[in-house]
Amino acid sequence: MATRTLVAVANRYKVPLTIFLLIYLDLLNCQQYAIPFKSPSDCTDEEFFDISSLSCVRCGPNQRRSTTGLSCICKTGYQTLTSDKASITCQKCPADRPAVTKDGFGCIGCPTSVNDEGKCQCPASNILVERDVNGNLFDVARCEMCNENSPDLSVPNISGDRCERCQASFVNTSCVCSSPNVLAGGLCLPPSSLSTNVNPSVNYAQLKISVQSAWFFKNLYSSSAACLVFSNLTACQALGNMCVMNMHSISGVSTDACGLFNTIFRSRAALSSTQDISYWRVNLPWLYYGDEPGLASRVLQNDPVPIKFSFRGRNKNTDIKLIAAVYNIGGEFLRWEKVGGDNLQLCPETTAKRAAAFTFGTAYQESCDLSIAELLGSHPEPLFYDVFMDLGGGDNRKLLSLPTLVYNQQYNGRFINQESMKNWYLSRRMFAVDTLSGREKSISSLPKVIRVASSIKIRFLLVPRTQEGQVYPPLMTVTYTDVAITDINTQTVSTTFAVEYEMDQNEARIKTDTALGVLGGLALMYSLLKTVSWKRRIASPLIDVETMLKFLLFYAGDLANVFFAVTVGTGLYWLIFYKAQQFVSVLLPLPAQEEQFVTYIGCAFALKAVQFLHKLILQVSIDVFFIDWERPRSKTSRTVQAAGELNRDPSSVSIWRTYFVANEWNELQTIRKISPTFQTVAVLFFLEVLGFSNLALRDPMPALQRSPEAYTPSYSLMLRYGLAATLWLGIGLLQVIFFTVFYEHFVEDKIRQFVDLCSISNVSVLLLSHRCFGYYIHGRSVHGHADTNMEEMNNNLNRESESLCGQRGLLPNTEIQTFQVSLNNRLRLHYDRIREQIGRRNGRSRLIDANSANQFEQRARGYQTMNHFLGSIIDHAHHEMDYIVKDKLMFERIIGMEFLEPSEKSIFYNDEAHSFSDVLFYGNEATLLIFDTLFFCVVDLGSQSFVLAAVLTCVQQMMFRLIRNTLGRKNLVSKTLVDERFLI
């Protein structure tokens, strides 16, 4: 029955029980393991902070929290009976032995009084003795007096449990520093040794404030006096450190740290120097090089370092070995330490990247923002470094001192190290972070100001004309930043560590300027020749404002070529000689020294842009006319005379041939000898995919690929420009060679095809780029007619291929169809009159209906008039406007100027080079290629991005191609009288 009852109960509560179990299991699965936050400061006086449970735990009976807050100790008057790692047991001392021993485990009577901690207290000059020589505890403690008199001269030690001999600075008869002697820093100093009125202030010039330093107040007088009177080595070092913390600054005040140091320095003049260095006096740290004018240049640029640096080969040597003697704030020598790691490089970086700073030739720079709170925690006291360069030498190892230039150093109120080198005051010792001297109230208080080395730069100067990689002693430049403490949790300070390499660039600059001067003079003369040629071609003998403007435009283009050639040559020179040298003989210009070079590049681009726009304007404003030689075949065609001019009935001659030639000419206007798209993709492929851009980094390694973990230096603008310009020009020239040598010979030559098209279409082309100069394409068909059916056209072409008909040339039995034409003034005036008549006929009419009806007739009549006039000129029908055909002299072709003036007859110069392409993009590939190169390089130098430069270069190419097409089409419509609707 009981069993049935349990089953019934279970069945009755089955569903609620199941739900409870599911909820409980779900809570177990979703537990977040959260604990309350507690810190030692949250615990009460009867609690301690348990470091295992991270919580406050109550102390046991008769116990209280220790000073650290991490354990419990017995209350005053209670001895410790047992103590283990977890707990203690305390018991009250009896009335006859009310005090607790120093170790806390015994109770003892006191001969005198009991202090606040419940322990015995002895008078001054006495020590407390609680046990006998065997360690047995006395019932009553003893106070034993130390004998301060000669010959014992003993005093209690700092713990008060043993007598020790007093400090040597005290008088010989007693350990008491009696008046008038001065007790300072544990030393008894004679009254006349040094004035006690010292200046413990630290000057923070950037903030224009001074702080009464607690450290200086406590230690400045004692350190300086101990150094002066007793030649105490650590005291002298400590005094030197305080001068370093004051930025080595020298003023009229002789009682500050540097003033006291220099007083002692001068007092040691009669003594011998240390290490045979006159600026390093006996027992003193070496802080200064000397204040005589011009000393800095002699120290830095007189004697080379006896080490030869080499980038490759058996004698490869790129390791810069720097070592520092490290001192603490109290003047104690700590260790010799290799410079690197985190001693001077404050930014958190990997070991490999930090080590790159000491690879010769690698321009190193790392910058970061440091938290003030972290600096206060990691640098409670400053460390001081005397930096040397390790010269090696095995057993006879030598060290070379590194001069230090502190930018914040003042000399009588002047920041002399921010002036010229002749005023520099070189020093030696430095520190990275000082959080101590700015503590005003006490050494343990929060500093009012901290001082951080915001810039540490080591500079190597190459010996001029060295072929063995010799350098002068490196200079370490330190700039400090003063930070006024407001909120340490949010404040940051920027810091930079850099290593740079420099050589005298005067010789290179003189050579560059000489090349610019000589080539600029040649460009000037060439521009004058161009101007004279232009004056001849426009048949104008006057020198006017237009002439001067034209000369400046010509000179802009030629001078742009000079700047471009010099800058590309200079960039390529540095790229080859810097990256390929074995022994170091050249070093890259510093970024500041590259500014003039970048200015030259800007000049080249600006002048080349002027030349490009000038040529663009000329190309879209040339005179163009298509001469149709086709004549009607029908017998009904008639000839009529109108106004003294021959006028043929055009009804049976098709205009489609002219339209077709015009369309082909329109398509030729923007063709080039290179593919701009392929050019851009190929350059980007070499630079970004193959890694050629790494050749422009400021280090001697010519590697194309680099490890992601390795340090990547900054780019040299000179190398970057030389590399990009050379690649762009090289790929462009290869394209031009391929296009002219292979593509045009074996695939298609659009320029020659256009000349053939003119012959097949029976249409000639006259192009006038100047008023009296231009180009003529003779397209007169040797078959007499081109307006034929397919069969006749095929027969004509077969006859021509089998030489069964005449040749296509202008002169009988010649093949030359293209000419440069120099027109006389009479012919040009007649040409202009016809153009003026056409212009008047095409002007707006007051009667819209009449204008609409006559517009086509006027254009057709004007076209026929010009067509007949030019055709008759070619046929020698006008003796007063006749022409001759001749070859150009080689010198005329070279300088681009005609020696003969067409006064009586015009001159047609044979032109097998098809130079009529000069009025197209095709004939100006050099200008376009240089302009694209400069545009790409200028954008890259400004953005430091090859990809962005390539994108913008493509955009400008498409934009100018669109402008050239649009304006060229409008000019073609205007000058040829071809309707724009037929230009596809």
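The following paragraphs describe the nonpolar cores, salt bridges, strand hairpins and selected backbone features of a predicted model.

In soluble globular proteins, nonpolar side chains tend to be buried together. In the present model, the largest nonpolar core comprises 124 residues, and those with the most contacts inside it are Leu322, Phe360, Phe460, Phe497, Tyr721 and Phe936. Helix 14 gives the most to this core, contributing eleven residues. For Tyr721, when residues up to four places away in sequence are not counted, the contacts are with Phe564, Thr567, Val568, Phe597, Ile601, Leu934, Cys937 and Leu941. A second core, separate from that one, has 29 residues, among them Val624, Val661, Val763 and Tyr775.

Helix 14, which spans residues 717-746, also contains Phe742. This residue belongs to a nonpolar surface patch of about 750 Å², made by Leu734, Ile737, Phe738, Val741, Phe742, Phe746 and Val747. The relative accessible area of Phe742 is 43%, so this residue is classed as partly exposed, given that the buried class is confined to values under 20% and the exposed class to values over 50%.

Across the whole structure, the search finds 31 salt bridges. One of these involves helix 14, in which Arg720 forms a salt bridge with Asp940, the closest N and O atoms being 2.7 Å apart. Because Arg720 lies in helix 14 and Asp940 in helix 20 (residues 925-943), this pair ties together parts that are 220 residues apart in sequence. Arg720 is buried, with a relative accessible area of 2%, and Asp940 is likewise counted as buried, at 1% relative accessibility. Elsewhere, Asp623, Arg828, Asp832 and Lys975 are joined into one network by salt bridges that share partners.

A further salt bridge is formed between Asp558 and Lys530, with the closest N and O atoms 3.0 Å apart. Asp558 is situated in helix 10 (residues 545-580) and Lys530 in helix 9 (residues 506-537), so that the two side chains tie together parts 28 residues apart in sequence. The two partners fall into separate accessibility classes, Asp558 being buried with a relative accessible area of 6% and Lys530 being partly exposed with a relative accessible area of 22%.

The side chains of Arg131 and Asp103 also meet in a salt bridge, with an N to O distance of 3.2 Å. Here Arg131 is placed in strand 11 (residues 126-131), whereas Asp103 is placed in the loop between strand 7 (99-100) and strand 8 (107-108), and the pair therefore ties together parts that are 28 residues apart in sequence. Arg131 counts as partly exposed at 35% relative accessibility, as does Asp103 at 42%.

Two hairpins were examined for their strand pairing and turn geometry. Strand 17 (residues 201-204) and strand 18 (residues 209-212) run antiparallel and are joined by four bridges. Within this pairing, Tyr204 has Ile209 of strand 18 as its bridge partner. The hairpin has four residues between the strands, and Lys208 takes a positive phi near 60°. Strand 24 (residues 384-392) pairs with strand 25 (residues 398-401), also in the antiparallel sense and over four bridges. Gly392 stands opposite Lys398 of strand 25. Five residues lie between strand 24 and strand 25 in the hairpin that they form, and Gly393 in the turn has a positive phi of about 110°.

Most residues other than glycine have a negative phi, and most peptide bonds are trans. Against this background, Asn283 has a positive phi, near 70°. Asn283 is located in the loop between strand 20 (277-281) and helix 6, and is partly exposed, with a relative accessible area of 29%. Asn762 likewise has a positive phi, near 65°. Asn762 occupies the loop between helix 15 (750-761) and strand 35 (763-768) and, at 1% relative accessibility, counts as buried.

Helix 6, which borders the loop of Asn283, covers residues 295-301 and includes Val299. Leaving aside neighbours within four places in sequence, Val299 is in contact with Tyr289, Pro403, Leu426 and Pro473. The C-alpha atom of Val299 is separated by 55 Å from that of Leu613, a residue 314 positions away along the chain.

Conventions:
Residues are numbered from 1 along each chain as its sequence is written. This is a predicted model: local features need pLDDT of at least 70, side-chain atom pairs count only at pLDDT 80 or more; totals for chains, interfaces and linings use all residues. Side-chain values use heavy atoms; hydrogens and water are left out. Two strands pair if DSSP finds at least two bridges between them. Patches are made of residues with over 30% relative accessible area and no salt bridge: like charges are joined within 9 Å, nonpolar side chains (Val, Leu, Ile, Met, Phe, Trp, Tyr) within 5 Å. Accessible areas come from the Shrake-Rupley method with a 1.4 Å probe; for residues, only the protein chains shown count as cover. A salt bridge is a side-chain nitrogen of Lys or Arg within 4 Å of a carboxyl oxygen of Asp or Glu. Buried means under 20% relative accessible area, exposed over 50%, partly exposed in between (1.4 Å probe, protein chains only). A nonpolar core is a set of buried Ala, Val, Leu, Ile, Met, Phe, Trp, Tyr and Cys residues joined through side-chain atoms within 4.5 Å. Contact means heavy atoms within 4.5 Å.
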